[in-house]
Amino acid sequence: MQLEFKNEPFTNFRLPENKEAFQKALDKVESEMGREYDLIIGGERIKTDKKSKSINPSNTAQVVGVVSQADQALAEKAIQVAYETFDSWRKVEPQARSRYLFKAAAILRRRKHEFSAWLVKEAGKSWPEADADTAEAIDFMEYYAHQMDKLAQRHPLTRIPGEDNELYYIPLGVGIVIPPWNFPLAIMAGMTTAALVCGNTVVLKPASTTPIIAAKFMEILEDAGVPAGVVNFVPGSGGEIGDYLVEHPLTRFISFTGSRDVGLRINELAAKPRKGQKWIKRLVAEMGGKDSIIVDNDCDLEAAAQAIVASAFGFSGQKCSACSRAIVHQDVYDQVLNRVTELTKALTVGDVVNPEFYTGPVVDDKAYNKILEYIEIGKQEGKLMAGGEKGPEGGYFIKPTVIADLDPEARLMQEEIFGPVVGFTKAKDFDHALEIGNNTEYGLTGSVFSRNRAHLEKARSEFHVGNLYFNRKCTGALVGVHPFGGFNMSGTDSKAGGPDYLLLFTQAKSVSELL
């Protein structure tokens, strides 16, 4: 066990030995394509008649795996098992719970390339993007283990004569964890292990497009010795079991990462008390963004252009932190737009099992069709500079797209697309750029490129986003370094990977004894 937290280093794929090791992991994963995966409730593996296929978005003819689907009866069983297990799990010493996470992180580190290979196959991530996802999962577990150790220490309170006073952080109860498909290992692992290290039990409903990675993660928890019933693996459709789990009177909290619309629905359902419910349910939600990079007229224009391209098109723009809006000072607008267009046209798109491709597919047919529809809207609203069309056949490929000269109120500048599309708009001056930056209902990430200290300080106080970056890209938050979560319709500002995150899964109990 480390004495202090350190981020997991990324793999250097330029080294031949690393490239060879990753290829072996891909071969191993390839040999396991199409296997079936069961529900896991209280340690019991359960097959159901209803199945769902997970498809490789880079090669839609390939089935990654087949997963049993839960109905409401099995969802009920999972909650009851989690509720019963909570009585014993909450009594496990916090430091002992932390050790489960340190152990799980060590196992994942040993299987790092294997899990990254699953991310390539099931989520369509490039080698570096998959490697970063796995590293982040390791980081989340180790960071939350360290944070639990700190939270379990005696907390200093103001002392008065004749009393002994203490503050404890105790677990909440049964949590429903609903992770996203875009970081199907890192965010799923972080949400799940943060809840359990605090002494809660979990019903894990994985994303419907990436359930195999979650099923494989259950192997790690079992290998680490996490007791049966602490985490219950319950794949199923939102319509079939999602609302049921959220509304259940034994559900104490819901941890959700996903779209604005689904998050708001969960918030609405969770707010209504049900018969037999003893508490106000807690919602921890991260719901996306419409993120901007502002480029001032006094900055490194090449760095700004590189950051826009990296932030917009890494993992085909399928990050809640992705740059989908470039807000550029009129003095340098043409220079930045032309350079971004040039860089974008040079990007390679294809099956990311081949490391030569920069970016891969979007996740499924629904995303594919939605993004193509938005591109057509963008062609009407602005000027197409790059991309704007489908990529290679055989997968859900879309060429990275740049659309210029957009009105700040255009749909392409306001609505979350979640794909490889970036819109450009011109700002009259820096104040105008900030005004545009704040004109959406979201508030997740943002970036400002400027050498003007007064402008940076103004953005520090007035650019209303949860994660603000200066002179760097707006993606790539690191656990412990950039606590992550946004304002407005971007969610409850959870600050995942930060020192306050575990407080969301606990409640404070004050105990005073007269001496």
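Contact means heavy atoms within 4.5 Å. Helices (H or I, at least four residues) and strands (E, at least two) are DSSP runs, numbered from the N terminus. Axes are lines fitted to C-alpha atoms, for helices over the stretch in contact, and angles run from 0 to 180 degrees between N-to-C directions.

The model is predicted: local features need pLDDT of at least 70, side-chain atom pairs count only at pLDDT 80 or more, and totals for chains, interfaces and linings use all residues. Residues are numbered from 1 along each chain as its sequence is written, and side-chain values use heavy atoms, with hydrogens and water left out.

**Exercise 1. Describe the sheet of 7 strands and the helices that lie across it.**

Step 1. Two strands pair if DSSP finds at least two bridges between them. The sheet is open, its pairing is mixed, and its order is β14-β15-β16-β13-β12-β18-β19.

Step 2. Its edge strands, each paired on one side only, are β14 (383–386) and β19 (467–470). From one strand to the next, the twist averages 20°.

Step 3. At one edge, β14 pairs with β15 (residues 401–404) in the antiparallel sense over 3 bridges. K383 has A404 in β15 as its bridge partner.

Step 4. Helix α11 (residues 333–345) lies across β12 (291–295), β13 (323–329), β14, β15 and β16 (421–427), and runs at about 50° to β14. Helix α12 (residues 365–381) lies across β14, β15 and β16, at about 25° to β15.

**Exercise 2. Determine how far helix α14 is enclosed, and by what.**

Step 1. Buried means under 20% relative accessible area, exposed over 50%, and partly exposed in between (1.4 Å probe, protein chains only). In α14, the buried residues are F430, H432, A433, L434, I436 and G437.

Step 2. Helix α14 (residues 430–437) is largely enclosed by the rest of the structure, because 6 of its 8 residues are buried.

Step 3. The cover over these buried residues includes β12, β13, β16, β18 (445–449) and α15 (453–462).

**Exercise 3. Describe the sheet of 3 strands and the helix that packs on it.**

Step 1. This open sheet has the order β1-β5-β4, with mixed pairing. The strands β1 (35–37) and β4 (51–56) form its edges, each pairing on one side only.

Step 2. The twist averages 35° from one strand to the next. Strands β4 and β5 (residues 59–68) run antiparallel and are joined by 6 bridges. S52 has V67 in β5 as its bridge partner.

Step 3. Helix α7 (residues 211–223) packs on the sheet and touches β1, β4 and β5, with its direction at about 45° to that of β5.

**Exercise 4. Classify the packing of α5 with α6.**

Step 1. The axes of α5 (residues 127–151) and α6 (residues 186–197) come within 8 Å and cross at roughly 15°. This makes α5 roughly parallel to α6. Angles under 35 degrees count as roughly parallel, over 145 as roughly antiparallel, 65 to 115 as roughly perpendicular and the rest as oblique.

Step 2. The crossing is right-handed. A crossing is left-handed if the near helix is turned anticlockwise from the far one by less than a right angle, and right-handed if clockwise.

Step 3. Residues of α5 in the contact include F140 and Y144, while those of α6 include I187 and V197. The contact divides into 10 nonpolar, 2 polar and 2 charged residues. Ala, Val, Leu, Ile, Met, Phe, Trp, Tyr, Cys and Pro count as nonpolar, Asp, Glu, Lys and Arg as charged, and the others, Gly among them, as polar.
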